[in-house]
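Colleague: I haven't looked at this one before. Could you pull it up and walk me through it?

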Amino acid sequence: DAKSAGRNTFRFFAPILQVSLDEQARLENDLREAVRRQELLLYFQPIVDEAGNTICAEALVRWRHPERGLLGPAEFIPVAEKSGLILGIGQWVMEQACDQLASWSLAGHALRVAVNVSARQFRQDDFVDQVLHALRRNRVDPRHLKLELTESILLHDVDEVIAKMAVLKAHGICFALDDFGTGCSSLSYLQRLPFDQLKIDKSFVHDMLGSQNAATIVCAIIGLAASLGMDVVAEGVESEQQREFLATSGCDQYQGYLIGKPMTAEQLALRWLPELDSRPQ
Ligand code: C2E
Ligand code: MG
Ligand code: MG
Ligand code: MG
């Protein structure tokens with residue numbers, strides 16, 4: 001009956017909850033050491049224009065965990081955010097992304113690198129200096145760096161966000177609003193915030209061919225971006241039909257498994273960047 005089922009459910013769930021709390025604490029401890037032990041690494045996912053040229057690579061952090069293998073951000077970014085470890089990790093990502101950008105630039109590749117920045121990271125008083133120092137240390141042209149922010153940035157002082165963006169933009173850095181459409185920000189902020197791009201969240205791209213509502217949202221985002229003078233990037237493009245629908249609807253750039261999965265910098269250079277042999281010296 002319902003009562004015994006309830007008891008069983010309780011007995012079943014209580015130990016799992018316990019394990020997950022222990023695991024969380026252990027994860028946090030491991031993560032604390034991960035940067036120092038050089039267990040973090042960056043994967044890069046190509047972003048292409050209408051013609052299929054790779055114009056950007058998004059840096060996506062991974063953790064080579066000594067026991068659990070390669071972990072994606074979903075498994076440790078939430079713990080990193082809660083514990084504050086995201087600040088150190090974020091700085092490491094910025095440094096590594098600039099280092100990679102410098103190598104690609106030296107080799108003659110003109111692509112951008114996009115770096116995900118968490119709200120907590122962006123809110124640091126010295127965030128602007130951190131970014132500018134990372135660029136200078138690695139002798140990177142700021143115009144090749146793109147920062148991806150999510151709508152969660154808008155839950156705090158918007159004027160401060162705008163001021164920081166303005167300084168970074170004056171140096172040539174560009175900004176994308178990531179996972180657009182999934183947050184709860186007011187559209188009125190969009191006209192005040194100097195974003196260069198909107199990234200359509202992959203959930204809409206995933207659903208748009210089977211759901212009239214998702215298709216309508218995708219088209220509305222593209223129209224909104226166009227009228228605000230921003231480019232649109234679709235993420236999570238997995239099929240040719242999706243790419244065609246997006247192209248017909250006026251999307252500017254594409255990212256997803258159809259084009260290429262996240263991969264090492266070496267793999268990206270080998271298969272997604274033009275050969276430079278004929279380049280004049
Ligand atoms: P995001 O910035 O929206 O990145 C796109 C995510 O979608 C990546 O997941 C990517 O692997 C995945 N993806 C790309 N194309 C496809 C596709 O065609 N199909 C499907 N199903 N998925 C696709 P990933 O690498 O697991 O990263 C998840 C999120 O973690 C990122 O979402 C970003 O919010 C966060 N993240 C990643 N790296 C960093 C970082 O260095 N710092 C911070 N703060 N967050 C990061
Ligand atoms: Mg992103
Ligand atoms: Mg995204
Ligand atoms: Mg996303």
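Modeller: Sure, and one term first: a residue is called buried when its relative accessible area is under 20%, exposed when that area is over 50%, and partly exposed in between. Also keep in mind that this is a predicted model.

Colleague: Okay, let me try that out. Is D201 buried or exposed?

Modeller: D201 has a relative accessible area of 10%, and the cut-off for buried is under 20%, so D201 is buried.

Colleague: Where is D201 along the chain?

Modeller: D201 sits in the loop between β7 (197-200) and α8 (202-207).

Colleague: And what does D201 touch, leaving aside neighbours within four places in sequence?

Modeller: D201 is in contact with D179, F180, T182 and E235. There's also a C-alpha to C-alpha distance to mention: D201 and A234 are 7.0 Å apart in space, with their positions 33 residues apart in sequence.

Colleague: You mentioned D179. Where does that one sit?

Modeller: D179 is in strand β6, which covers residues 174-180. Its phi is positive, about 55°, although D179 is not a glycine.

Colleague: What sign does phi usually have?

Modeller: Most residues other than glycine have a negative phi.

Colleague: How covered is D179?

Modeller: D179 comes out at 23% relative accessibility, so it counts as partly exposed. As for the strand, β6 is mostly covered, with six of its seven residues buried.

Colleague: How do β5 and β6 pair, parallel or antiparallel?

Modeller: β5 and β6 run parallel, and the pairing goes over five bridges. To find the place on screen, look for K146, which stands opposite C174 in β6.

Colleague: Which other residue has a positive phi without being glycine?

Modeller: Try R139, where phi is near 50°. R139 is in the loop between α5 (127-137) and β5 (145-150). With a relative accessible area of 75%, R139 is exposed.

Colleague: Let's zoom out. How many helices and strands does the chain have?

Modeller: There are eleven helices and nine strands. The radius of gyration is 21 Å, close to the 19 Å that the globule rule gives for 281 residues, so the chain is as compact as a globular protein of that length.

Colleague: What does the C-alpha trace span?

Modeller: About 75 × 50 × 40 Å along the principal axes. Of the 281 residues, 44% count as buried.

Colleague: What about the surface, how much area does the chain expose?

Modeller: About 14,800 Å², and carbon and sulfur atoms supply 52% of that. On the charge side, the chain has 28 positive and 38 negative side chains, with the centres of the two sets 5 Å apart.

Colleague: Back to strands. How many residues of β2 are buried?

Modeller: Ten of the twelve, so to speak of β2 (residues 54-65) as mostly covered is fair.

Colleague: Which way do β1 and β2 run relative to each other, parallel or antiparallel?

Modeller: Antiparallel, with nine bridges joining β1 (residues 40-49) to β2. F44 has A59 in β2 as its bridge partner. The two strands form a hairpin with four residues between them, and G52 in the turn has a positive phi of about 90°.

Colleague: And what joins β2 to β3?

Modeller: Three bridges, with β2 and β3 (residues 69-71) running antiparallel. This pair also forms a hairpin, with three residues between the strands. W63 stands opposite L71 in β3.

Colleague: How about β2 and β4, parallel or antiparallel?

Modeller: Parallel: four bridges join β2 to β4 (residues 112-116). There, A57 stands opposite V113.

Colleague: What lies in the loop between α3 and β4?

Modeller: H109 is there, between α3 (86-106) and β4. H109 counts as buried, at 10% relative accessibility. Not counting residues up to four places away in sequence, H109 touches W104, L273, P274 and L276.

Colleague: Last one: is A226 buried or exposed?

Modeller: A226 is exposed, with a relative accessible area of 56%. A226 belongs to helix α9 (residues 212-227). The C-alpha atoms of A226 and C251 are separated by 9.4 Å, and the two residues are 25 apart along the chain.

How values were computed
Residues numbered from 1 in each chain as written. Chains lettered and ligands numbered in written order. Predicted model: local features only at pLDDT ≥ 70, side-chain atom pairs only at ≥ 80, totals over all residues. Heavy atoms only, no water. Rg over C-alpha atoms; globule rule 2.2 N^0.38 Å. Buried < 20%, exposed > 50% of the residue type's maximum accessible area, 1.4 Å probe, protein only. Areas by Shrake-Rupley, 256 points an atom, 1.4 Å probe, with all protein chains shown as cover. Lys, Arg positive; Asp, Glu negative; His and termini not counted. Charge placed at Lys NZ, Arg CZ, Asp CG, Glu CD. Pairing = 2+ DSSP bridges. Contact = heavy atoms within 4.5 Å.
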